Amino acid sequence: MERYEIETFLALAEELHFTRTAERLLVSPGRVSQTIKQLERRLGGALFERSSHHVALTSVGEQLYAELLPAHREVQRAVENASAAFAGISGVLRVGFTTPWSGALLLRAVEAFHSRRPRCTVQLQELTYNAALPALRDADVDLVITVLPVEDAAITVGPVLFSEPRALVVPADHPLAARETVSLEDLAVLPLIMGGGMSRAWLDAHFLRRTPQGRPVRHGPIASGWQEVLALVGAGKGASVAPVRAGLYHGRPDVVYVPFEDVPPFDYALMWRDAGDTALLREFVRTLHEFVPQARRSVPV
């Protein structure tokens with residue numbers, strides 16, 4: 001198999017969509033289709049089941065993908081190792097994160113990165129939302145995973161890594177706590193409690209001032225951190241907005257996380273200083289992308 005055939009097959013097996021595969025490989029959908037047909041003729045049978053609305057791997061295609069992917073990654077790793085050796089990639093990379101699930105993702109990537117780049121060290125640092133960007137600007141960290149939006153001319157924002165559905169965090173004894181879902185109109189029911197030190201763009205994106213029907217959204221006390229937000233919500237002082245998954249890590253008997261039914265998810269992305277764009281950073285970003293859930297994986301920088 002030629003290299004372009006391997007890369008086309010693996011990309012289509014992951015995307016299961018000709019147009020997305022073409023965009024990922026920077027070729028035309030026709031080129032993808034032609035390459036797969038050529039490969040199937042050479043092997044003697046279909047690797048994909050196709051219809052106008054559906055693409056799926058055949059049993060032989062699934063077997064080929066399972067056996068080919070590890071080998072392809074080993075080849076890529078060998079080439080990257082040789083390139084890194086010539087480039088002299090080494091040193092310390094400091095990576096910040098603002099949520100436990102981002103930290104768990106980073107830990108998996110760091111373990112793999114250390115095995116491939118023994119001359120490099122990655123240091124992880126947990127940050128609050130309001131401290132993440134200042135830490136990046138002040139060069140206290142080199143790379144951060146946090147929630148969009150970010151508006152800073154000196155900071156490069158990478159592609160979205162993953163998304164998390166949103167929830168309204170309400171007091172456990174409030175009527176909204178018994179609901180299966182809430183809507184944006186329910187933001188008018190309780191004052192919104194938010195953390196201090198956030199940018200206006202971030203607050204406008206996540207803490208509305210009016211509901212879609214024009215009802216005012218009251219803003220309650222400003223908290224210094226997430227635990228204070230939860231304490232205020234639990235005390236009945238208002239509600240807040242958070243990822244649904246936060247309930248698994250920050251559950252309390254006095255608060256309930258109720259999913260929104262009409263709100264887009266939080267998008268998490270990597271960001272780094274323009275001046276801090278190094279070969280070491282890019283190598284780690286490429287490794288990190290291998291551990292992003294397949295449904296949310298983006299093209300590495």
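1. Starting in the sheet: Val 144 sits opposite Met 271 of S12. Another such couple is Val 147 and Tyr 268, the latter again in S12. Both belong to the match between strand S5 (residues 143-147) and strand S12 (residues 266-273), which run antiparallel over 4 bridges. Strands "pair" here when DSSP finds at least two bridges between them. Strands (E, at least two residues) and helices (H or I, at least four) are DSSP runs, counted from the N terminus.

2. A word on provenance: this is a predicted model, where local features need pLDDT of at least 70 and side-chain atom pairs count only at pLDDT 80 or more, while totals for chains, interfaces and linings use all residues. Numbering starts from 1 along each chain as its sequence is written, and side-chain values use heavy atoms, with hydrogens and water left out.

3. What is the strand order of the open sheet? Its 5 strands go S4-S3-S5-S12-S6, and the pairing is mixed. At the edges are S4 (120-126) and S6 (155-164), each with a partner on one side only. From one strand to the next, the twist averages 20 degrees.

4. S12 also pairs with S6, antiparallel, over 7 bridges. Within S12, Arg 273 is the bridge partner of Ile 155. S12 is mostly covered, with 7 of its 8 residues buried (under 20% relative accessible area with a 1.4 Å probe, protein chains only; over 50% would be exposed, and in between partly exposed).

5. Two helices to look at against the sheet. Helix H6 (residues 129-137) packs on it, touching S5, S6 and S12, and its direction makes about 25 degrees with that of S12. Helix H10 (residues 279-289) lies across S3 (91-97), S4, S5, S6 and S12, at about 50 degrees to S3. Axes are lines fitted to C-alpha atoms (for helices, over the stretch in contact), with angles from 0 to 180 degrees between N-to-C directions.

6. Now rotate to H5 and H10. The axes of H5 (residues 100-116) and H10 come within 9 Å and cross at roughly 120 degrees. The two helices are therefore oblique to each other (under 35 degrees is roughly parallel, over 145 roughly antiparallel, 65 to 115 roughly perpendicular, the rest oblique). H5 brings Leu 105, Leu 106, Ala 109, Val 110, Ala 112, Phe 113 and Arg 116 to the contact, and H10 brings Leu 280, Glu 283, Phe 284, Thr 287 and Leu 288. Contact means heavy atoms within 4.5 Å.

7. Worth clicking on: Asp 142, in the loop between H6 and S5. Is this residue buried or exposed? Asp 142 is buried, at a relative accessible area of 10%. Setting aside neighbours within four places in sequence, Asp 142 contacts Val 92, Leu 93, Arg 94, Leu 136, Met 271, Trp 272, Arg 273 and Leu 281.

8. Stepping back to the whole chain: there are 10 helices and 12 strands. The C-alpha trace spans about 65 × 50 × 35 Å along its principal axes. Of the 301 residues, 44% count as buried. Among contacts between residues at least 6 apart in sequence, 72% join residues at least 24 apart.
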